Amino acid sequence: MRKNLTLIIIFLIASKSFACSCDTPKPAIEFYQSDYVFKGQVVEKMYSSDSLTYTVTFKISNHYKNGANPNFLKFQLNSEGEITGKFTSCDWSVEKGENWLVYAKKINGELDFQFYCSNSMPLGRLRIYPSEQKILDNGNELDLAKYRYMSNDSRPVTNVDSILEKYRKKKLIPSKGFAAVWLDIDSAGNLTSANLRPNKQLEYEEIDTIFGMNQFKNTYREPNSDLEKIALKIAREIKHWEKYYYLDLEKPVKYRKWLQVYVDKDSIIQVEF
């Protein structure tokens, strides 16, 4: 039974990004958001009287996050489908004797961790990759303000309609696709760079070699069509944007924004943010 459970868990890890509709955060981000990051062994597993939940106790062998360093931590988790009779694609379990790497945080006052949508994982046949071990060893030094982040929600402060007005006076051929532009915006909300999305192999701008937080370089590319020429001109005229605050940071950060330009069926140029 234990062997079968181990094989199931290994299979789930190989497919964890496909089983549940969620994204696993970068280890550096989850480290920052966690209250505890540790390696430990499950020394006790106790089911509740109604068997709907169970409590596991970890004996901690290695704390990575600065702060309190208890020798033991307890977590209440939902029971397995085999016990409750309710199976989902997101089922997972923890067994006594297993060793885990755990990223844990308080949710509604209760300490919790997850397998899916998390970098927490059972250890054994699986191992911590050197790149993640670097993050664990240096995570307390992470300065999130150094990096650029993707923002889908930030909106322009500049009046875009006034910019588009001069282009909408021209009759353009409806486009089959769109022209995509990458915008880089500083922490004050000012446009610093606007370039067409690269169509060749991408390179990272290297800020550090530890945390895996680097973005692709935003470099100039020659327009390949009239639509791309117009899109680039429009993007570079939108000079002021909303400030972006990442996670719980008190100060705004620099970010990257995508802009798409196309010509609709009525031959009117349109912009999507």
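Leaving aside its neighbours within four places in sequence, which residues is V181 in contact with? The legends below take this up within a predicted model.

**View 1. Contacts of V181.** Beyond neighbours within four places in sequence, V181 touches A194, N195, L196 and R197. V181 is also in contact with A231, L232 and A235. K257, W258 and L259 complete the list.

**View 2. The largest nonpolar core.** This core holds 39 residues. V181, L183, I234 and I269 have the most contacts inside it. Helix 7 (226–237) is among the elements that give two or more residues. Others include helix 3 (27–33), helix 6 (160–168) and strand 8 (179–185). Strand 9, strand 10 (255–263) and strand 11 (269–272) also contribute at this level. The largest share, six residues, comes from helix 7.

**View 3. A second, separate core.** It has 20 residues. F38, V42, F75 and W100 are among them.

**View 4. Strand 3 (residues 72–78) and its two faces.** Side chains alternate along this strand. L73, F75 and L77 point to one face and are buried. F72, K74, Q76 and N78 point to the other face and are not buried. Strand 3 pairs with strand 2 (residues 53–63) in the antiparallel sense, over seven bridges. In this pairing, T57 stands opposite K74.

**View 5. Confidence along the protein.** The average pLDDT is 90, and 93% of the residues score at least 70. Confidence is highest in strand 9 (residues 191–196), at a mean of 98. Confidence is lowest in helix 1 (residues 2–14), at a mean of 44. Over residues 1–18 the pLDDT is below 50. Beyond near neighbours in sequence, that stretch has 20 contacts in the model.

Definitions and conventions:
Residues are numbered from 1 along each chain as its sequence is written. This is a predicted model: local features need pLDDT of at least 70, side-chain atom pairs count only at pLDDT 80 or more; totals for chains, interfaces and linings use all residues. Side-chain values use heavy atoms; hydrogens and water are left out. Buried means under 20% relative accessible area, exposed over 50%, partly exposed in between (1.4 Å probe, protein chains only). Helices (H or I, at least four residues) and strands (E, at least two) are DSSP runs, numbered from the N terminus. Two strands pair if DSSP finds at least two bridges between them. pLDDT is the predictor's confidence in each residue, from 0 to 100. Contact means heavy atoms within 4.5 Å. A nonpolar core is a set of buried Ala, Val, Leu, Ile, Met, Phe, Trp, Tyr and Cys residues joined through side-chain atoms within 4.5 Å.
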